[in-house]
Every structure is written in structure tokens, then in C-alpha cells.
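Work through the exercises below with the sequence and the structure open. Each task is followed by a solution in steps.

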Amino acid sequence: MTSRQKGLKKSLVALGMVAGALAVAASNAEAADPIKIGTFLSVTGPASFLGDPELKTLELYIEELNKGGGALGRQLELVQYDVGVDSKKAITAVKRLVSQDEVDVIIGGSTSGATMAVVPIVEKAEVPFISLAGAVAIVEPVKKWVFKTPHTDKMACGKIFEDLQSRGLTTIALISGTGGFGKSMQGQCTKLAPAYKINIAASESYGPKDTDMTAQLTKIKGVDGIQAVVNTGFGQGPAIVTKNYRQLGMTAPLYQSHGVASKKFIELAGDAAEGVRLPAAALLVADMLPDSDPQKPVVQGYSAAYSDAYGGSVSTFGGHAYDGLQIAVAAMVRAGSTDKEAVRNEIEKTSGYIGTGGVVNMSEKDHLGLDLSAFKMLEIKNGDWSIVK
């Protein structure tokens, strides 16, 4: 058995979802109409670091499930569209997934902007939708047909503020991307700060095409009393912020969001990333987890399977797709059909699911099902992740 096969088996076994156990029979699966899994992702463009591992993960695990006979005696078919970071393309893709492709469930939306743009469509069409984007607005307030797997921007603010408190740091500055996620997290951090007795003494922003944030950081540097800086954003912007931060000789602790939770950020920021802290899923530090941690076999299994199939290191973003697929397929199995209302109801009942993002317990009032314990606070040391004790 190859390391990929071991990893796939390990992660599926850890979920209690071995492919063969889901199928009635492989022969029946070949004869029946396929279960259609729709997705729209940022496979190319500036957010490809999100969409590329998400697509690869869906392809990898759908292939594995199909080898074992599929689910409900049927094969799974992935119908996917690359929408880059264009919300209009996302709208077009989802309309097609719903009306032409007639998918049974949608797992996708790499960015918050793309996700929020299509929410009215999936709600009207009444198709179960599991988003892979971060903004809390996706699930708050609760929308009947919309769920998500990544930790929210609001949770990231809370985890960062907890760490600031533990270090006795109370006066901070924000620097934020103006995209959907960056803008949303900036707003969430601002709202949450008083509850943690955090004073935001300065706030600057940068656009998605900006290539130098020296001016914004110089303004922050000029504000007396700043004890730490928090960057809310994703993509290449945070790496540029980190480089400029070091170039200006700024020494206060620098925090990033979980929107940069991949080795790509470390590669882009280089030596400037040393000492940067961010909240992230346990997936990035799989081998550092204690054996008693119930997530360990899941994240180790996924990491081994993904790395063996595609090479390189894993990111939390592919993990979000893994969780979305497992939650959706498990809901179909529990429902005993692909009836959309029944599947939606079962997704909402997801309880005790151990995934790459944490232990998920959804309800009619919570379409994410994670709390702050699902986050690890990480620090970049010697070009790699370490867990902040």
C-alpha cells in the first residue's frame, strides 16, 4: 500500500467513512445516475492558492470514494468551474450549476466575495451549499441553505485578541485588505475589540493590486503607543505588508489572519515572516499534535494523501474542501437519498464530526459548528510553523 493509499484510508477511517462502507454495490453505482457535486473555485488568478488545493482535494477524495463504490450505490461526479476572483463569474457559474447541471449539492466559493454574491441564488434554488470562504457574514445571520467549513474572521479576531491579552498587549493598529474578507475581518475586529479591552489606535487599508504598503505602515509607525499590528487580509497583500514591516524596522509583534495559513505565505514573505503569529487549523501542525488529540489521525491522513498525490505541503484551504465533501456525503448517507431538503436537514444535524478544521457541531442556529478551541495559535520560526504554548 502506497503512502497515498495509507493516507486516504487513514483519513477516511478516522471519519468512519471508508468508501466501501458508503456504497450499496459498485455494480449498482455504475448503473445509477451519478451524484453531482458542484463547485466554483478560484483555481487561477490571485486567489489560486485557495482554489487550487481545494479543487485537487475534491478530485482526490471523489476518486477514492468512487473506487470504493461511491455513495448510496451511485458514483460521484464533480462539476467544477474556475471563477478566479470575479464575483460575476461566480454568479454565472452557480446559475449554471443549479439550472443546467442540476447538481445535488454545491461545495465551493474560495473567497468571501464570491460566496456572498451567490447566496441569493442558492437560497432561491434551495440547493445545499457549503462555502469554503472565511467571512462570518456567510453564516451570520443563519441562512437556511448555506453552511461553511472554515473558521470565521470573527473567530480569528477573538483568537488573536486572546493571545494579545496573554502577552499584556492592549494597544494595536489594524492594516486591512479592501477585499471581501479583509474588509469583513477589519469590521469584526473593530466590533470585538472592546470586549477584550483592546484599543485600536490606528487603522489603514490597501487595495488588492497594491504592491507597496510602506506609506500605510509609516503612518502606523508614527502613532505613539502601538504595541502590535494586526493584518486582516489574504493573498499576496499580507506578504508585502510583512516585508515592508521589516524594511521599516518595525519591531512590535505582527499578526496575520488564517487567510495566509499556507507555506505559500512563508515563501512569499521570506525571512521577514520570522516571528509572525496567526490563528490556524491543526492541519498545519499535524505531527506536532499529541497522540491524544482526536484530530491527529484525520489531519495526518489528509496530509499524507495530499502530499503523496500532488507533492509539496498541505494548506488549510484544501482541508476546508475535504471537510465540506465529507460533511455533504455523510449527510446524503444519513438521509438515504439526495433529496435536497433531506440532505440540508442532515448537514444541519452534523454533530461530532472530526475534521481538519476541528470538531464540528452544527445546529439550526449555527451553520459552522466550530468554536475558538478549533484554532491553534501558530508562530513562524526558522521558516516553519510552531505552536504557541
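A polar contact is a pair of N or O atoms within 3.5 Å; within protein, one must be able to donate a hydrogen and the other to accept it. The model used here is predicted.

**Exercise 1.** Place Ser184, decide whether it is buried or exposed, and find the polar partner of its side chain.

Solution.
1. Ser184 sits in helix α8, residues 180–192.
2. Its relative accessibility is 17%. Buried means under 20%, so Ser184 counts as buried.
3. Beyond the neighbours within four places in sequence, Ser184 is in contact with Ala135, Val136 and Asp153.
4. With one of these, Asp153, the side chain of Ser184 makes a polar contact, side chain to side chain, at 2.4 Å.
5. For Val136, 48 residues away along the chain, the C-alpha separation from Ser184 is 7.8 Å.

**Exercise 2.** Describe the surroundings of Ser110, starting with its place in the chain and ending with its polar partners.

Solution.
1. Ser110 belongs to the loop that links β3 (105–108) to α6 (112–125).
2. Its relative accessible area is 5%. The limit for buried is under 20%, and therefore Ser110 is buried.
3. Leaving out neighbours within four places in sequence, the residues in contact with Ser110 are Phe40, Leu41, Ser42, Leu50, Gly51, Glu54, Leu132 and Ala133.
4. The side chains of Ser110 and Glu54 make a polar contact at 2.6 Å.
5. A polar atom of the Ser110 side chain also lies 3.0 Å from the backbone nitrogen of Ser42.

**Exercise 3.** Compare the span of α4 with the expected one, and state how many of its residues are buried.

Solution.
1. Helix α4 covers residues 48–67, 20 residues in total.
2. From the first C-alpha to the last, α4 reaches 28 Å, close to the 28 Å expected at 1.5 Å a residue.
3. Of the 20 residues in α4, 14 are buried, which leaves the helix mostly covered.
4. Just after α4 comes Gly69, with a positive phi of about 115°.

**Exercise 4.** Which residues other than glycine have a positive phi near 50° and near 60°, and are they buried or exposed?

Solution.
1. Glu102 has phi near 50° and is placed in the loop between α5 (87–99) and β3.
2. Lys197 has phi near 60° and is placed in the loop between α8 and β7 (199–206).
3. Exposed means over 50% relative accessible area. Glu102, at 57%, therefore counts as exposed, and so does Lys197, at 69%.

**Exercise 5.** Describe how β11 and β12 pair and what lies between them.

Solution.
1. β11 (residues 351–354) and β12 (residues 359–361) are antiparallel and pair over three bridges.
2. Ser351 stands opposite Asn361 of β12.
3. The two strands form a hairpin, with four residues between them.
4. In the turn, Gly358 has a positive phi of about 140°.

**Exercise 6.** Judge how compact the whole chain is, using its radius of gyration.

Solution.
1. The chain holds 14 helices and 14 strands.
2. Its radius of gyration is 21 Å, close to the 21 Å from the globule rule for 389 residues, so the chain is as compact as a globular protein of that length.
3. Buried residues make up 57% of the 389.
4. Among contacts with a separation of 6 or more, 71% join residues 24 or more positions apart.

Technical notes:
Residues are numbered from 1 along each chain as its sequence is written. This is a predicted model: local features need pLDDT of at least 70, side-chain atom pairs count only at pLDDT 80 or more; totals for chains, interfaces and linings use all residues. Side-chain values use heavy atoms; hydrogens and water are left out. Buried means under 20% relative accessible area, exposed over 50%, partly exposed in between (1.4 Å probe, protein chains only). Contact means heavy atoms within 4.5 Å. Two strands pair if DSSP finds at least two bridges between them. The radius of gyration is taken over C-alpha atoms; the globule rule is 2.2 Å times the number of residues to the power 0.38. The expected span of a helix is 1.5 Å times one less than its number of residues.
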